[in-house]
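The exercises below are to be worked through with the sequence and the coordinates at hand. Each one sets a task and then solves it step by step.

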Amino acid sequence: MADQDQKAEPVRVQVPGQASAQLLSATGLEAADSKGQLAWAGFEWARNPYVILITIYIFAPYFSSTVVGDPVRGQAIWGHINGIAGFIIAIFGPLLGAIADRGGRRKPWLAAFVLSMGFATFCLWFALPMNAGIGILGAAAAVIIANVSFEFSAVFHNSMLPHIAPQKKLAGLSGLGLALGNLSSLLILIFMLIAFMLPGAVPWSFIPEVPIFGLDTSAHENSRIAGPIAALWLLIFAVPLFLFTPDAKATGLSPKGAVREGVKTVWRTVKGLRHYRNIALYLIARMLYNDGKTAVLIFGGVYAAGVFGWGPLALTIYGVVLSIFAVLGGFVGGWLDNHLGSRNAILTSIGFTSLGVVLAVSMTPQEMFFIFPYDAATAAPLWDLPFFRTLPELLYVCVVILVAIFITAAYANSRTMLARIAPVSKMSEFFGLYALSGTATAFLGPLLVGVATSAFHSQRAGFASVLLLLGGGMALMLFVREERAEAVEDEI
């Protein structure tokens, strides 16, 4: 019977007024046309630059070093901000997921989160140096609202996919969305570099003499503009999703009923994990090392801005370089998986990520690799370019390139690992748990960095604390077996 199902022709439905038949979606209803599917993928193009501009490369270092005015205190506060947002996501994410699964329509929720995220992100323009403007508290509130809205929008956006695409196109369309998100992030960083960071810093003929829009770099407007640009980019490029991608029909189930039914399903699956101890151990390990990886991404630029005094120009170039090498990480992850297996590929990726973090915190303007002294005051600059002019800075960039490659590889290996060990008949349920495990402790990494930075009064110690999560995840992975579990039908 399985062979017959695989060889059967795709089910098609004739839509009145159309000359050709339309494939059914993975849910068995009419799939969206190609325009609707592309608009769904294009939502990642609209959404993802927020992460690059705000949470990693431009606004985060500006906030910690300039708005707060003290890099050590700024790193601690940034950790607490992301920890609070992660806690809210962990508490309410599964409930919203239940609403998305059971309640039908997604677009009204998506519209609400897009608008709240756009408004909060735009407000970051008013976060002025030394606690002026909306101040530290205002900026913190805006970032928390934007982070939460970003993650909650993903819940409803992801849940649209089975309703708009045929089963055989799900993976390709999901990959297209990821690729568009990464591409838009890279392009917007390059735009920021040419339009706002390089003008006035280099005498290159193809670079404007002054930042466009007449921005005043002395007032840090070239960093603050990241907020409005991310907001407008989101609001403009999210429009095709609402115009062309069809929404699921309302089920008539109230939000309260949707939550109740969804939570029952999640709880039933979680209870069933006692029969899948190997998978449960893997999900716990992945929670730990995933939180560590996220913290490395969030705080890499914050650490560099505080320790090396990098400004927006160096940080933007840093972001462009790492974004390019992160693409390579996907191929490295595939190569490792093919040659070592998923479990060993994960251990390798997290191991090299941990090594990269150790080497990163070994670099300061005064020393390299903890033991080699360096005198930036007497050493000749490596070149005349206005960025990465000292050997420790350049070594830091090289080390973090290594981190970017293996963090990306670990993301790819982690998905493949679950696909190798979960029961085939329950793959969707376990990938739901996989998504839940990715948000259940989302606050842990940022909170750990924030607490460690405050406790030791050191950015180095705070950033290095992520090694506890990476190491804990690696230790648990040593006990995970790469073998497929048999389904226990009467429990889940």
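A residue is called buried when its relative accessible area is under 20%, exposed when that area is over 50%, and partly exposed in between. The model used here is a predicted one.

**Exercise 1. Place His-163 in its helix, classify its accessibility, and find its polar partner and the pocket that it lines.**

Step 1. Beginning with secondary structure, His-163 is located in helix 7, a helix that spans residues 135–164.

Step 2. The relative accessible area of His-163 is 27%, and because this value falls between the limits of 20% and 50%, the residue is classed as partly exposed.

Step 3. Looking at side chains, one finds that His-163 and Arg-106 are joined by a polar contact of 3.4 Å. For distance along the chain and in space, His-163 can be compared with Leu-137, from which it is 26 residues apart in sequence and 40 Å apart between C-alpha atoms.

Step 4. His-163 also belongs to the lining of the second largest pocket, together with residues including Ile-164, Glu-30, Asp-33, Asp-247 and Lys-249. This pocket has a volume of about 220 Å³, and its lining divides into 6 nonpolar, 1 polar and 4 charged residues.

**Exercise 2. Asn-147 and Arg-47 each lie in a helix; decide whether each is buried or exposed, and identify the polar contact made by each side chain.**

Step 1. Asn-147 is part of helix 7, and Arg-47 is part of helix 2, which covers residues 34–47.

Step 2. With a relative accessibility of 9%, Asn-147 is buried, because the value is under 20%. Arg-47, at 6%, is buried by that cut-off as well.

Step 3. The side chain of Asn-147 meets the side chain of Tyr-50 in a polar contact of 2.5 Å. The side chain of Arg-47, by contrast, reaches a backbone atom, namely the oxygen of Phe-150, at 2.6 Å.

Step 4. Leaving aside residues up to four places away in sequence, Asn-147 touches Tyr-50, Thr-55, Asn-82, Ala-85 and Ile-89. With neighbours left aside in that way, Arg-47 touches Met-117, Phe-150, Ser-153, Ala-154 and Leu-234.

**Exercise 3. Which residues have the most contacts inside the largest nonpolar core, and what does Phe-63 touch?**

Step 1. The largest nonpolar core comprises 139 residues, and those with the most contacts inside it are Leu-53, Phe-59, Phe-63, Trp-78, Tyr-282, Trp-310 and Tyr-396.

Step 2. Phe-63, once residues up to four places away in sequence are set aside, touches Val-68, Ile-77, Trp-78, Ile-81, Ile-136 and Ala-139. Trp-78 thus appears both in this set of neighbours and among the residues with the most contacts inside the core.

**Exercise 4. Locate Phe-213 and His-457, and state what is notable about phi in each and how accessible each residue is.**

Step 1. Phe-213 is in the loop that runs between helix 8 (170–197) and helix 9 (221–224), while His-457 is in the loop between helix 18 (444–456) and helix 19 (459–464).

Step 2. Phi of Phe-213 is near 65°, which is a positive value in a residue other than glycine; phi of His-457, likewise positive in a residue other than glycine, is near 50°.

Step 3. The relative accessibility of Phe-213 is 65%, so this residue counts as exposed under the cut-off of over 50%. His-457, with a relative accessible area of 66%, is therefore exposed too.

**Exercise 5. Determine how Ser-174 and Trp-109 are placed and what each touches.**

Step 1. Ser-174 is found in helix 8 and is partly exposed at 35% relative accessibility. Trp-109 is found in helix 6, residues 107–122, and is partly exposed with a relative accessible area of 29%.

Step 2. Ser-174 touches Trp-40 and Leu-161, not counting residues up to four places away in sequence. Its C-alpha atom is separated by 9.2 Å from that of Trp-40, although the two residues are 134 residues apart along the chain.

Step 3. Trp-109, counted with that exclusion, touches Leu-96, Ile-99 and Phe-156.

Notes: Residues are numbered from 1 along each chain as its sequence is written. This is a predicted model: local features need pLDDT of at least 70, side-chain atom pairs count only at pLDDT 80 or more; totals for chains, interfaces and linings use all residues. Side-chain values use heavy atoms; hydrogens and water are left out. A nonpolar core is a set of buried Ala, Val, Leu, Ile, Met, Phe, Trp, Tyr and Cys residues joined through side-chain atoms within 4.5 Å. Buried means under 20% relative accessible area, exposed over 50%, partly exposed in between (1.4 Å probe, protein chains only). Contact means heavy atoms within 4.5 Å. On a 1 Å grid over the protein atoms alone, a cavity is a set of points where a 1.4 Å probe fits but cannot get out, and a pocket is an open set with protein on both sides within 12 Å along at least five of seven lines; lining residues have an atom within 4 Å of a point. Grid points are joined across faces, edges and corners, and a volume is the space filled by probe spheres set on the points. Ala, Val, Leu, Ile, Met, Phe, Trp, Tyr, Cys and Pro count as nonpolar, Asp, Glu, Lys and Arg as charged, and the others, Gly among them, as polar. Helices (H or I, at least four residues) and strands (E, at least two) are DSSP runs, numbered from the N terminus. A polar contact is a pair of N or O atoms within 3.5 Å; within protein, one must be able to donate a hydrogen and the other to accept it, and residues adjacent in sequence count only if both atoms are side-chain atoms.
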